[in-house]
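Reader: I have a model open in front of me and would like to learn how to read it. Could you walk me through it?

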Protein chains: 2
Amino acid sequence: MKDKATIKKAGYKITGPRQLVLDFLKSGEHYTAKEIYEGLEKTLGLTTVYRTLEILTELGIVETIALTDGSLRYEYVLGKKHHHHLVCTGCGDICELDGCAIKDLEEKVAKQTAYVISGHALELYGLCPRCQKK
Amino acid sequence: MKDKATIKKAGYKITGPRQLVLDFLKSGEHYTAKEIYEGLEKTLGLTTVYRTLEILTELGIVETIALTDGSLRYEYVLGKKHHHHLVCTGCGDICELDGCAIKDLEEKVAKQTAYVISGHALELYGLCPRCQKK
DNA sequence: ACTGTAAGTGAAAAATATTTTCATTTAGCA
DNA sequence: TGCTAAATGAAAATATTTTTCACTTACAGT
């Protein structure tokens, strides 16, 4: 329930559509905006899906996964440990990889470049066992 | 010149538009399809830019960088060492980071998941020194 | 509980991005 | 030099995301 408290604290209202999107993302995996819209059977507008995802991302409740095919997917991350993704280039399946090997790198890069690092995205691409057979 | 040999060997023709796109990418950094189209002052069709990028990516001459704002950028990589990117969330500036800390991770994940890993994408996000002041 | 109001919503339109279609042009081999 | 399959570009189609605006709703203050 920490998600709703976060939304309120930021001055946003808890509305029906927002709860729908939250619940949908919470129960699932890594969805595109359209998948969320269709998964909810158009009980809300696609516009609202986009707007809600924008807010949830801004608040850190949801994270964006940008794939090299140009698609964007959204994942509910509250209560999850930071992790990375393994994407099958055959079927599109996405696995979560526990742990993160990048923290040290972030610090090193921060020192070298004088950037203030706010985060990172790491995706591995490959073929899942099933797609290897095809 | 290895790029043209690669294109030929794959059965594609060396055309004017393809050379324009290659030269544009080779002399520069990380461009979107539209930036390439406009950088070349519309001496070729945008359609052709997309088609050319698709081929160049397929042949490994160019790589795609997917950013979390949903944009795709293309980078000429022949002769470059594999590297990662540091993206300023303020001004969009992209630095290249030498070296790669992910090779070990790839092997570990391959063993754990039975995927055949084909590659990965790692982008760090942060604020560049100039944007920190704003 | 009731009400006022700023925030949120959805439909439609607009803007943006990418792909497909198809008639014409061209690279490069015979 | 001519032939032909591949490539091109303009336009249309499709897909994705954002903006606009009139209507609705959450919720703070009574």
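Author: We will take the DNA strands, a pair of helices and the relation between the chains in turn. This is a predicted model, in which local features need pLDDT of at least 70 and side-chain atom pairs count only at pLDDT 80 or more, while totals for chains, interfaces and linings use all residues. Residues are numbered from 1 along each chain as its sequence is written, chains are lettered from A and ligands numbered from 1 in the order in which they are written, and side-chain values use heavy atoms, leaving out hydrogens and water.

Reader: Thanks! How many residues surround DNA strand C, and which are the closest?

Author: A residue is near a strand if one of its heavy atoms lies within 4 Å of it. For DNA strand C there are 19 such residues, and the closest are A:Thr15, A:Thr48, A:Arg51, B:Ile14 and B:Tyr50. On the DNA side, 65% of the strand C atoms within 4 Å of the protein belong to sugar or phosphate, and the rest to bases.

Reader: Which polar side-chain atoms lie by a phosphate oxygen of strand C?

Author: A polar contact is a pair of N or O atoms within 3.5 Å; within protein, one must be able to donate a hydrogen and the other to accept it, and residues adjacent in sequence count only if both atoms are side-chain atoms. Here A:Thr48 places a polar side-chain atom 2.3 Å from a phosphate oxygen of strand C, and B:Tyr50 places one 2.4 Å from a phosphate oxygen. A:Thr47 instead has a polar side-chain atom 3.4 Å from a base nitrogen of strand C.

Reader: Which element gives the most to that surface?

Author: Helices (H or I, at least four residues) and strands (E, at least two) are DSSP runs, numbered from the N terminus. α4(B) gives the most to the surface near DNA strand C, with 4 residues. By class, that surface has 6 nonpolar, 6 polar and 7 charged residues. Ala, Val, Leu, Ile, Met, Phe, Trp, Tyr, Cys and Pro count as nonpolar, Asp, Glu, Lys and Arg as charged, and the others, Gly among them, as polar.

Reader: And what surrounds DNA strand D?

Author: Strand D is also surrounded by 19 residues, the closest being A:Ile14, A:Tyr50, B:Thr15, B:Thr48 and B:Arg51. Phosphate oxygens of strand D lie 2.8 Å from a backbone N or O atom of A:Ile14 and 2.3 Å from a polar side-chain atom of A:Tyr50. A side-chain N or O atom of A:Lys13 is 3.3 Å from a base nitrogen of that strand. α4(A) supplies the largest share of this surface, 4 residues.

Reader: At what angle do α2(A) and α4(A) cross?

Author: Axes are lines fitted to C-alpha atoms, for helices over the stretch in contact (heavy atoms within 4.5 Å), and angles run from 0 to 180 degrees between N-to-C directions. Under 35 degrees counts as roughly parallel, over 145 as roughly antiparallel, 65 to 115 as roughly perpendicular and the rest as oblique. The axes of α2(A) and α4(A) come within 10 Å and cross at roughly 70°, so the two helices are roughly perpendicular.

Reader: Finally, how is chain A laid on chain B?

Author: Copies are superposed by least squares on the C-alpha atoms of residues with pLDDT of at least 70 in both. A turn of 180° with a shift of 0.0 Å along the axis lays chain A on chain B with an RMSD of 0.0 Å. The two copies are thus related as by a two-fold rotation axis. In chain A, A:Leu122 has the C-alpha nearest the axis, 2.2 Å from it.
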